[in-house]
Amino acid sequence: MNASSNVRNVTGAVSYPDVYSNAVAKNVIILALGITINYINGALIHTFRKHQVLNVNPRYILFIHLVVNDMIQLTTTISLFVLSYIFYRINASLCCLIIMMAVFTTLNTPLNLAVMAMECYIAVCLPLRHAELCTIRRTYALIGGIWALSAVTTLPDVFIFLATEPVQVFHSAIFCEINNVFRHPVHEQKKNVCYTIYLIGVWLTLLYTYVMIFTAAKGADGDAKKARNTILLHGFQLLLAILTYVYNLMKMSLIYWFPKHFVHVGFVFYIIIQILPRFISPIVYGLRDKMFRQHLTKYLLCTVRTSIKPWTAAKPSGSIQS
């Protein structure tokens, strides 16, 4: 089997040989983690849809958008991880489509975190204007803006790819990795500029909101302190997201530090970079938020019971079943 266990940037594909037993074990671990996290996220989405107190709240709308985005990203990266073991090479056009979804969702994450931080800031520091500023309509408009901004950043790569690559490339089979699809030097230059602007903007937003909420939290109630802790968790999520952008640099360091164990170290880094951030989102609101938690536990543990009694129990004693 021509397989391996290292990720490449946002795709999760692998590109160097691994022992068969190790390959099977790693794929089983990745699939088990992916199914578990997507099950939890699915329970979060189901809880959100079933309770109006949640789906009319801008804070939870933004959170569920982050959860859906995480599910798409997790499914995409795990699919590429498994496909790279099974087929190694896939159609270039299909690879381009999958990578685009991975890049889209990767760019969406820091933007969504920044918007959620601003919502916390408004709720704590401008409580009288929260209902006016954070409406459902504006929330969905912001979500659309997040996807539009990611599209403006990503689609030029597709246009450059279509313009510079020969036609036969689109029908060829390639190892599905972002650098194998977007090979033009312009891609790397554009990526560095765009990602730097993205991350600086998001970090400044988180820093500003944290300082303002921290100031408001002094001597305030528990809600302000909870919002401050939430911003810290957003910062930790963003820190993990940054690892995706600097992975190529980190990869060279890993090869230098662990030349004999790079296969296994790379697999651990795949879990840290791609899996762990997807697991944090349910913790931020799904488990920490009291309102969400009291509804979520019913669906997560499959303990929802119908309010209608069984028909056989409602029948009078001695009745004959028709």
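Let me start with helix α9, which gives the most to the lining of the largest cavity, namely four residues. Before I go further, please keep in mind that what we are looking at is a predicted model.

Staying with that cavity, its volume comes to about 70 Å³, and the search finds three cavities of 30 Å³ or more. Helix α9, which spans residues 222–245, is joined by α4 and α11, and each of these helices supplies at least two residues of the lining. If you would like to find the place on the screen, the residues that line the largest cavity include Gln73, Thr106, Thr109, Gln237, Thr244 and Arg278, and Leu240, Ala241, Ile273 and Pro277 are also among them. In terms of character, that lining divides into four nonpolar residues, five polar ones and one that is charged.

Let me turn now to the aromatic rings. A pair of aromatic rings is described by how far apart the centres are and by the angle between the planes. Across the whole structure, the search gives eight aromatic pairs, and one of them is formed by Phe81 and Phe267, which are tilted, with 6.4 Å from centre to centre and 50 degrees between the planes. Because Phe81 belongs to helix α3, residues 58–86, while Phe267 belongs to helix α11, residues 262–287, this pair ties together parts that are 186 residues apart in sequence. Phe81 and Phe267 are both buried.

A second pair worth pointing out is Phe104 with Trp147, which is stacked, at 6.0 Å centre to centre and 25 degrees between the planes. Here Phe104 sits in helix α4, residues 92–125, and Trp147 in helix α6, residues 136–164, so this contact ties together parts that are 43 residues apart in sequence. Are these two partners buried or exposed? Phe104, at 12% relative accessibility, counts as buried, because the cut-off for that class is under 20%, whereas Trp147, at 28%, counts as partly exposed.

Going back to Phe81 and Phe267, I should add that ring pairs link them with Tyr85 and Tyr270 into a cluster.

Finally, a word on the annotation. The unreviewed UniProt entry carries the label "transmembrane region" for several spans, among them residues 28–48, 98–128 and 267–287. In the model, residues 28–48 are 100% helix and 0% strand, with the end C-alpha atoms 30 Å apart. For residues 98–128, the figures are 90% helix and 0% strand, and the end C-alpha atoms lie 44 Å apart.

Conventions. Residues are numbered from 1 along each chain as its sequence is written. This is a predicted model: local features need pLDDT of at least 70, side-chain atom pairs count only at pLDDT 80 or more; totals for chains, interfaces and linings use all residues. Side-chain values use heavy atoms; hydrogens and water are left out. Rings of Phe, Tyr and Trp (its six-membered ring) pair if their centres lie within 6.5 Å; planes under 30 degrees apart count as stacked, over 60 as edge-to-face and the rest as tilted. Buried means under 20% relative accessible area, exposed over 50%, partly exposed in between (1.4 Å probe, protein chains only). UniProt positions are given in the numbering used here, feature names are shortened, and annotations may be inferred rather than shown by experiment. On a 1 Å grid over the protein atoms alone, a cavity is a set of points where a 1.4 Å probe fits but cannot get out, and a pocket is an open set with protein on both sides within 12 Å along at least five of seven lines; lining residues have an atom within 4 Å of a point. Grid points are joined across faces, edges and corners, and a volume is the space filled by probe spheres set on the points. Ala, Val, Leu, Ile, Met, Phe, Trp, Tyr, Cys and Pro count as nonpolar, Asp, Glu, Lys and Arg as charged, and the others, Gly among them, as polar.
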